[in-house]
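User: Please take me through the ligand site of this structure, and then through one residue elsewhere in the chain.

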Amino acid sequence: MKIIVTADANEMSKKASELFIEEINRNSEMVLGLATGSTPVGLYNQLIEAYRAGKVDFSKVKTFNLDEYYGLATDHPASYHFFMQQNLFSHINISPENVHIPNGVSEDVERYCKEYEEMIKEAGGIDLQLLGIGENAHIGFNEPGTALGAKTQLIQLAQKTIDSNARFFLNKEDVPKKAISMGIKTIMRSRKIVLLASGEKKAQAIYNTVVGTVESSVPASVLQLHPDVVLIIDREAVALLEPKDIEIEA
Ligand code: PGA
């Protein structure tokens with residue numbers, strides 16, 4: 001794991017956008033795996049700015065999002081479809097047919113999850129996967145205890161996740177209890193993975209991810225086994241790690 005430590009969340013977003021822009025400029029037909037939540041918003045803003053400045057072109061880029069709440073239609077304001085339109089897609093020149101986000105209202109979820117896997121395969125696999133991390137070290141919505149070999153599936157959300165995502169809903173009771181998430185195995189098949197984290201609330205999860213045992217109770221720890229992972233994290237999120245534990249690029 002390569003770890004880049006930044007002063008704050010702004011610098012984290014900037015570093016991440018530089019990496020994304022470089023990768024997309026190297027391969028204009030890049031397949032991106034994208035994430036939602038508060039963490040990637042700064043990166044998405046930087047990518048929008050870069051697009052407006054003519055520094056990056058998304059016309060041939062394909063995207064696959066990590067997850068979607070089960071039961072939320074695409075136009076629900078708390079859905080990840082809505083989030084991605086608001087925070088990225090409506091501001092850049094991506095073709096709608098190249099955008100893929102799990103369908104939270106499919107009638108046959110099991111079949112749909114298999115189809116999502118097939119779509120990723122048909123696109124040639126994910127070249128660059130963006131991840132955030134939950135306070136419980138989930139990646140996507142792969143909660144602690146999810147099999148490390150899992151493919152895209154319907155997941156029961158952990159209470160901690162429901163509590164922490166309640167901020168995006170009018171009432172806590174409105175937070176769906178389930179979500180469709182790209183599986184850990186699917187994520188691990190990506191050629192390159194970039195994980196972003198900022199703030200002291202993520203420090204324990206980052207510590208467990210980087211120096212802990214690889215186990216399903218810490219889903220992100222599986223990233224230790226991937227050959228090309230870059231963590232871009234701010235000082236607060238890296239606070240529990242010691243330089244001797246890791247190779248840090250300051
Ligand atoms: P956050 O969520 O970016 O809103 O902190 C990250 C996650 O739960 O994966």
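The questions and answers below take up the ligand first and a glutamate afterwards.

Analyst: This is a predicted model, in which local features need pLDDT of at least 70 and side-chain atom pairs count only at pLDDT 80 or more, while totals for chains, interfaces and linings use all residues. Residues are numbered from 1 along each chain as its sequence is written, and side-chain values use heavy atoms, with hydrogens and water left out.

User: How far from an oxygen atom of the ligand does a polar side-chain atom of Thr39 lie?

Analyst: The residues that surround the ligand, with a heavy atom within 4 Å of it, include Ser38, Thr39 and Lys202. A backbone N or O atom of Ser38 is 2.9 Å from a ligand oxygen, and a side-chain N or O atom of Lys202 is 2.6 Å from a ligand oxygen. For the polar side-chain atom of Thr39, the distance to an oxygen atom of the ligand is 2.4 Å.

User: How many residues of the shell around the ligand are polar?

Analyst: Gly counts among the polar residues in this classification, and the shell includes Gly37, Gly132 and Gly134. Beside one nonpolar and two charged residues, the number of polar residues in the shell is six.

User: Is Glu117 buried or exposed?

Analyst: Glu117 belongs to helix 4, residues 109-122, and its side chain makes a polar contact with the side chain of Thr152 at 2.6 Å. Because its relative accessibility is 8%, and buried means under 20% relative accessible area with a 1.4 Å probe and protein chains only, Glu117 counts as buried.

Note on methods:
A polar contact is a pair of N or O atoms within 3.5 Å; within protein, one must be able to donate a hydrogen and the other to accept it, and residues adjacent in sequence count only if both atoms are side-chain atoms. Helices (H or I, at least four residues) and strands (E, at least two) are DSSP runs, numbered from the N terminus. Buried means under 20% relative accessible area, exposed over 50%, partly exposed in between (1.4 Å probe, protein chains only).
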